[in-house]
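Subject: Handing over the structure

Dear colleague,

I am passing this structure on to you, and I would be glad if you could look through it alongside the notes below.

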Amino acid sequence: MEACGRSSELLAVCLWLGGWLCALASTILPHWLSMSTELLAIESYQLGLWETCVVQDIGGMECRSYDSLLGLAHDMKLGRVLMCASLATGMLGLLVTIPGMQMVNSCRDGDGGGGGSGGGQAKRTLVMLGGVLAVLSGILCLIPVSYVAHLAVLRFFDEALPDVVPRWEFGDALFCGWAAGFLLCAAGVLLLVTAALGSASRRRPRPQYRYEVRGGELTAAKRSEYV
């Protein structure tokens with residue numbers, strides 16, 4: 001059971017690292033939304049949380065940061081806040097989870113009541129807390145990505161706009177953000193399940209053996225020793 005728990009925790013941490021790196025890439029990359037026009041077929045526009053870029057087919061790319069935070073659209077403001085909160089929560093949860101892993105020799109109970117090298121109640125508490133933070137980080141990542149995608153779909157199928165007006169479409173950073181959110185949630189759920197199963201296995205009553213010594217036999221043995 002301990003070997004299975006260690007493998008599950010290691011898999012969860014690997015998923016966590018992959019999701020956190022995907023969330024970081026989604027936050028930095030200026031590819032949340034993309035738009036290409038028929039008038040300038042050799043150019044396309046990329047919109048991100050921090051800057052906008054013009055990409056040319058010949059390989060050139062020119063980016064420009066936003067002039068003012070207050071002038072941003074509300075979806076970009078929400079994306080900045082929630083993605084930064086997701087990264088901070090994910091890093092905090094990872095720092096909390098690593099000392100609670102069974103293969104790490106730290107935060108053990110003094111009485112060794114967690115099955116020796118398996119850890120104790122303190123380690124299980126850290127793992128469960130880390131799992132909650134991982135799920136929270138994944139949700140914070142999925143909210144802005146899904147909201148920006150929802151607005152892009154509404155604007156793309158808006159019948160009030162003429163057909164000749166170019167429309168924003170999904171960028172690569174949105175798919176990277178979705179992958180990050182699902183990986184973080186999967187890592188958190190895996191940690192919670194592992195900690196719950198480990199706690200349930202330790203609560204199982206162990207068989208107790210009772211040794212009874214009859215008084216008559218003990219007295220007879222003592223008398224024979226004196227004789």
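The notes below go from the overall layout to the sheet, the nonpolar cores, the cysteines and the salt bridges.

Please keep in mind throughout that this is a predicted model. The protein chain contains 5 helices and 5 strands, and from the N terminus on these elements follow one another as α-β-β-β-β-α-α-β-α-α. Of the 227 residues in the protein chain, 36% are buried, while the chain exposes about 13,800 Å², with carbon and sulfur atoms supplying 64% of that area. When contacts between residues at least 6 apart in sequence are considered, 65% of them join residues at least 24 apart.

The strands make up an open sheet of 5 strands in the order S4-S3-S2-S1-S5, with antiparallel pairing. Its edges are formed by S4 and by strand S5 (169-170), each of which pairs on one side only. Going inward from S5, strand S1 (residues 33-36) pairs with S5 in the antiparallel sense over 2 bridges, and here Ser34 has Glu169 of S5 as its bridge partner. On S1 there is also a pairing with S2, again antiparallel and over 4 bridges, in which Met35 stands opposite Tyr45 of S2. S2 in turn pairs with S3 in the antiparallel sense over 5 bridges, with Glu43 opposite Gln56 of S3, and these two strands form a hairpin that has 3 residues between them. Strand S2 (residues 43-47) is mostly covered, given that 4 of its 5 residues are buried.

Turning to the nonpolar cores, the largest has 18 residues, of which Ala23, Trp32, Leu33, Met83, Val148 and Leu174 touch the most other members. At least two residues of this core come from each of helix H1 (2-28), helix H2 (74-100), helix H3 (121-156) and helix H4 (172-202), and the greatest contribution is that of H3, with 5 residues. Leaving aside residues up to four places away in sequence, Val148 touches Trp32, Leu33, Asp75, Met76 and Leu174. Apart from this core lies another one, of 11 residues, including Ala12, Trp16, Val127 and Ala134.

As for the cysteines, a search of the whole structure finds 1 disulfide. It is formed by Cys53 and Cys63, whose sulfur atoms are 2.0 Å apart, and with 105° about the S-S bond the link is right-handed. Because Cys53 lies in strand S3 (residues 51-56) and Cys63 in strand S4 (residues 61-65), the pair ties together parts that are 10 residues apart in sequence. The two partners differ in their surroundings, in that Cys53 is buried, with a relative accessible area of 2%, whereas Cys63 is partly exposed, with a relative accessible area of 35%. Why, then, does Cys141 not bond to the closest cysteine sulfur, in Cys176? The sulfur of Cys141 is 8.2 Å from that of Cys176, which is too far for a bond, since a disulfide needs the two sulfur atoms to be within 2.5 Å. Cys141 is buried, with a relative accessible area of 0%, and Cys84, by contrast, is partly exposed, with a relative accessible area of 37%.

The same kind of search, over the whole structure, finds 2 salt bridges. In one of them the side chains of Arg64 and Asp67 meet, at 3.5 Å from N to O, and both Arg64 and Asp67 are exposed. In the other, the side chains of Asp75 and Arg155 meet at 4.0 Å from N to O. Since Asp75 lies in helix H2 and Arg155 in helix H3, this pair ties together parts that are 80 residues apart in sequence. Asp75 is buried, with a relative accessible area of 4%, while Arg155 counts as partly exposed, at 39% relative accessibility. You may wish to view this salt bridge together with the core described above, as Asp75 is one of the residues that Val148 touches.

With best regards

Conventions: Residues numbered from 1 in each chain as written. Predicted model: local features only at pLDDT ≥ 70, side-chain atom pairs only at ≥ 80, totals over all residues. Heavy atoms only, no water. Buried < 20%, exposed > 50% of the residue type's maximum accessible area, 1.4 Å probe, protein only. Core = buried A, V, L, I, M, F, W, Y, C linked by side-chain atoms within 4.5 Å. Contact = heavy atoms within 4.5 Å. Pairing = 2+ DSSP bridges. Areas by Shrake-Rupley, 256 points an atom, 1.4 Å probe, with all protein chains shown as cover.
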